[in-house]
Amino acid sequence: MKLVLLGAPGAGKGTLAAYLIEKMGIPSISTGNMLREAIKNQTELGLSAKKYMDAGDLVPDEVVIGMIKERLAQDDCANGCILDGFPRNIPQAEALEKVVPMDCALSIEIPDETIVARMSGRRVCLKCGATYNVNSEAMAPKQEGICDVCGDALVIRKDDAPETVLARLDTYHKQTEPVKGFYADLGKLKSIEIDNDFERTKKLACEALGI
């Protein structure tokens with residue numbers, strides 16, 4: 001299955017993708033992780049993207065589409081993939097359908113106020129990319145401030161600050177939310193309404209996808 005995960009920043013797309021890749025045996029492609037790696041390595045792409053991400057804006061289409069086309073051509077995507085964070089607007093969705101038509105788009109529906117509260121507790125490991133949340137018992141690190149995976153220190157990313165989260169949510173509603181209509185018109189949209197119960201989220205996702 002070639003699947004697109006849709007949802008606002010902080011809705012839990014990355015966490016759900018991690019579960020689904022194990023469940024379905026296909027790779028997850030996170031443009032956010034790809035961009036953050038480029039920023040960390042100070043590549044030309046990373047430096048270009050950083051100014052947009054710091055302001056809570058979306059990275060321009062031409063920057064992201066080139067990365068996605070390259071990634072989808074790799075061998076591990078031959079039997080399907082999960083796209084997390086792309087497409088983020090209708091032109092991207094149209095371009096994606098021309099390159100690799102998707103089988104399904106799963107939209108994660110969650111209130112903005114829940115996202116702001118959730119993101120305030122998020123902690124990330126800059127070394128290995130693992131993500132935690134101190135406000136969730138299930139997602140908290142075993143040792144406060146320390147990554148379970150590699151033992152490096154956890155940090156609060158600038159784009160998890162409340163003012164940046166609100167700016168990103170505003171951008172999402174204006175630019176990305178219409179993508180749901182694009183996939184609905186193609187008969188490919190499925191939606192699940194979630195809260196902070198990840199076990200329930202997994203169950204709803206599996207039911208929606210028929211897996």
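**Overall fold and selected residues of the predicted model**

The protein contains 9 helices and 8 strands. The radius of gyration is 16 Å, close to the 17 Å that the globule rule gives for 211 residues, so the protein is as compact as a globular protein of that length. These values, like those that follow, come from a predicted model. Along the principal axes, the C-alpha trace spans about 45 × 40 × 35 Å.

A few totals help to set the scene. Buried residues make up 44% of the 211 residues of the protein. Of the contacts between residues at least 6 apart in sequence, 69% join residues at least 24 apart. The exposed area of the protein is about 10,800 Å², and carbon and sulfur atoms supply 50% of that area. As for charge, the protein carries 26 positive and 32 negative charges, and the mean positions of the two sets are 2 Å apart.

Helix H1 is a convenient place to begin a closer look. This helix covers residues 13-24 and includes Leu16. Leu16 has a relative accessibility of 0%, a value under the 20% cut-off, and therefore counts as buried. Once neighbours within four places in sequence are set aside, the residues in contact with Leu16 are Leu5, Leu106, Ile108, Phe198, Thr201 and Ala205. For one of these partners, Ile108, the separation along the chain is 92 residues, while the C-alpha atoms of Leu16 and Ile108 are separated by 9.6 Å.

Another of the partners of Leu16, Thr201, leads to helix H9, which runs over residues 198-209 and holds Thr201. The relative accessibility of Thr201 is 4%, so this residue counts as buried. With residues up to four places away in sequence left out, Thr201 touches Ile192, Ile194 and Asp195 as well as Leu16. Ile192 falls within strand S8 (189-193), so the contacts of Thr201 link helix H9 with that strand as well as with Leu16.The aromatic side chains give a brief account, since the structure holds 1 aromatic pair. Phe182 and Tyr183 form this pair in an edge-to-face arrangement, with 5.2 Å from centre to centre and 80° between the planes. Both partners count as buried: Phe182 has a relative accessibility of 16%, and Tyr183 has one of 0%.

Two loop residues complete the picture. Gly187 is found between helix H8 (179-185) and strand S8 (189-193). With a relative accessible area of 65%, Gly187 is exposed. Gly187 and Ala105 are 82 residues apart in sequence, and their C-alpha atoms are 9.4 Å apart in space.

Gln42 sits in the loop between helix H2 (31-40) and helix H3 (44-54). The relative accessible area of Gln42 is 61%, which places this residue among the exposed ones. The backbone of Gln42 deserves a look too: phi is near 55°, a positive value in a residue other than glycine. Most residues other than glycine have a negative phi.

Methods
Residues are numbered from 1 along each chain as its sequence is written. This is a predicted model: local features need pLDDT of at least 70, side-chain atom pairs count only at pLDDT 80 or more; totals for chains, interfaces and linings use all residues. Side-chain values use heavy atoms; hydrogens and water are left out. Helices (H or I, at least four residues) and strands (E, at least two) are DSSP runs, numbered from the N terminus. The radius of gyration is taken over C-alpha atoms; the globule rule is 2.2 Å times the number of residues to the power 0.38. Buried means under 20% relative accessible area, exposed over 50%, partly exposed in between (1.4 Å probe, protein chains only). Contact means heavy atoms within 4.5 Å. Accessible areas come from the Shrake-Rupley method with a 1.4 Å probe; for residues, only the protein chains shown count as cover. Lys and Arg count as positive and Asp and Glu as negative; His and the chain ends are not counted. The place of a charge is taken as NZ of Lys, CZ of Arg, CG of Asp or CD of Glu. Rings of Phe, Tyr and Trp (its six-membered ring) pair if their centres lie within 6.5 Å; planes under 30 degrees apart count as stacked, over 60 as edge-to-face and the rest as tilted.
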